[in-house]
Amino acid sequence: ATEVRLASRPEGMPTLDHFEVVDVEVPKPGPGQVLVRNTWLSVDPYMRGRMSSAKSYVAPFEVGEVMDGGAIGEVVESNTDELAVGDVVLHGLGWRTHAVLDPARARKLDPSAAPVQAHLSVLGMPGLTAYAGLFDVANMREGDTVFVSGAAGAVGSLVGQLAKLRGAKRVIGSAGSAEKVRWLLDELGFDAAFNYKDGPVREQLRQAAPDGVDVYFDNVGGEHLEAAIGALNVHGRIAVCGMISQYNATEPTPAPRNLAQIIAKRFTMRGFLVGDHEHLRPTFLAEVSPLVRDGKIVYRETVVDGIRQAPQAFLDLLTGGNTGKMLVRL
Ligand code: NDP
């Protein structure tokens, strides 16, 4: 068995030296437990926060401990009636080839419904994040103009498509390469998209949204947030999902300099955590699973092979190496 541990805490952008890949004995399941052989590992931006010691909404990883996180695997040994050998489960024990679990900490998946790894992306945590943020937090309505940053990522690519399907007047996305922008326009049905590296976001957004923005789904923060505030219409809504442009910052980052517009525009800005929207999961799955099955929602995965590649996949995620969901296949 092999596992990836946090070797040390990064200051700023992490490097491969902050991880340690270690070979260990295959663990033995105790009474009432199962042994799972993992097949897919999730690579997520929030793991950057857990590499630091700062207090946040999930406890920091401990130095020398395995990088916990989303994973899918097959039960290969079972000491319980609740799960059988061959069952495919989703769990949170992360970057290891083998995991010993109590059945209560594993969710059994139906492998015939969709490729199992979809439960780490479009039908899983990122999918629910997009759905909850857009409809519950930003209260998106038919006829809204919606802007989403990080639009070619796991969450953002679904936000744009859900907005279109719910009758948005115009959907605008930003992403970090010409190829990603083409994907948004040609395959995902965005009305406008731009590469934020091509010039100031404020100017590119103004061109893409001449009539302003009603909903901004923020995955990025910083310059994007300031530009969105500038483009927001009266009674606009901002759902703050993530601020990835600041996750590696070593200095406190400036607030949006135009925040005072919140008064005249009477806009709302709300942060949220997907974990608080668990009650929406059944509605989300009932609505989105058929759309995925029928090809009305498109999703993409960037797949890296082998657990030893997980640290590099994570570094690539932080610098835009993924289109859609970043995954490691074992
Ligand atoms: P993504 O698949 O979107 O991957 C991250 C992307 O961020 C990269 O592909 C890169 O794309 C982009 N990026 C990196 N640095 C910058 C930068 N400086 N400026 C702009 N874009 C940047 O990840 P997810 O879909 O999993 O997550 C998207 C966001 O949602 C993250 O901020 C994450 O923390 C947040 N999140 C929040 C949750 C919650 O409960 N609130 C739950 C899940 C995710 P590019 O090439 O376009 O730069």
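**View 1. Helix α2 passes helix α3 in a right-handed crossing.** The model shown here is predicted. Helix α2 covers residues 125–137, and helix α3 covers residues 154–165. Their axes come within 8 Å and cross at roughly 45°. That angle makes α2 oblique to α3. On the α2 side, the contact is made by P126, G127, T129, A130, Y131 and L134. On the α3 side, it is made by A154, V155, L158, V159, L162 and A163. By class, this contact has 10 nonpolar and 2 polar residues. Charged residues are absent from the contact of α2 with α3.

**View 2. Helix α2 also meets helix α8.** Helix α8 runs over residues 281–293. The axes of α2 and α8 come within 10 Å. They cross at roughly 100°. This makes α2 roughly perpendicular to α8. From α2, the residues in the contact are G127, L128 and Y131. Facing them in α8 are R281, F284 and V288. The residues of this contact divide into 4 nonpolar, 1 polar and 1 charged. Two names recur from the previous view: G127 and Y131 of α2 take part in the contact with α3 and also meet α8.

**View 3. Helix α5 packs against helix α6.** The first of this pair spans residues 201–208, and its partner spans residues 223–231. Their axes lie 9 Å apart, at an angle of about 40°. That makes α5 oblique to α6. In passing α6, α5 makes a right-handed crossing. V201, R202, L205 and R206 are the α5 residues in the contact. From α6 come E223, H224, A227, A228, G230 and A231. By class, the contact of α5 with α6 has 5 nonpolar, 2 polar and 3 charged residues.

**View 4. A shell of 28 residues stands around the ligand.** Which of these residues come nearest? They are G153, V155, G176, G242 and G320. Three helices give two or more residues to the shell: α2, α3 and α9, the last at residues 310–318. The largest share, 3 residues, comes from α3. By class, the shell has 15 nonpolar, 11 polar and 2 charged residues. V155 links this view to the first: it is among the residues nearest the ligand, and it belongs to the α3 side of the contact with α2.

**View 5. The protein is divided into two parts, domain 1 and domain 2.** Domain 1 is built from residues 2–120 together with 300–329. Domain 2 takes in residues 125–275. The centres of the two domains, taken over C-alpha atoms, are separated by 29 Å. The contact takes 14 residues from domain 1 and 16 residues from domain 2. On the side of domain 1 that touches domain 2, the residues divide into 4 nonpolar, 7 polar and 3 charged.

**View 6. The ligand and the two domains.** Why does the ligand lie between domain 1 and domain 2? Both domains give residues to the shell around the ligand, so the ligand lies between them.

How values were computed
Residues are numbered from 1 along each chain as its sequence is written. This is a predicted model: local features need pLDDT of at least 70, side-chain atom pairs count only at pLDDT 80 or more; totals for chains, interfaces and linings use all residues. Axes are lines fitted to C-alpha atoms, for helices over the stretch in contact, and angles run from 0 to 180 degrees between N-to-C directions. Helices (H or I, at least four residues) and strands (E, at least two) are DSSP runs, numbered from the N terminus. Angles under 35 degrees count as roughly parallel, over 145 as roughly antiparallel, 65 to 115 as roughly perpendicular and the rest as oblique. A crossing is left-handed if the near helix is turned anticlockwise from the far one by less than a right angle, and right-handed if clockwise. Two residues are in contact if their C-beta atoms, placed from the backbone, lie within 7 Å. Ala, Val, Leu, Ile, Met, Phe, Trp, Tyr, Cys and Pro count as nonpolar, Asp, Glu, Lys and Arg as charged, and the others, Gly among them, as polar. A residue is near a molecule or strand if its C-beta atom, placed from the backbone, lies within 6 Å of it. Domain bounds come from an automatic or database domain assignment.
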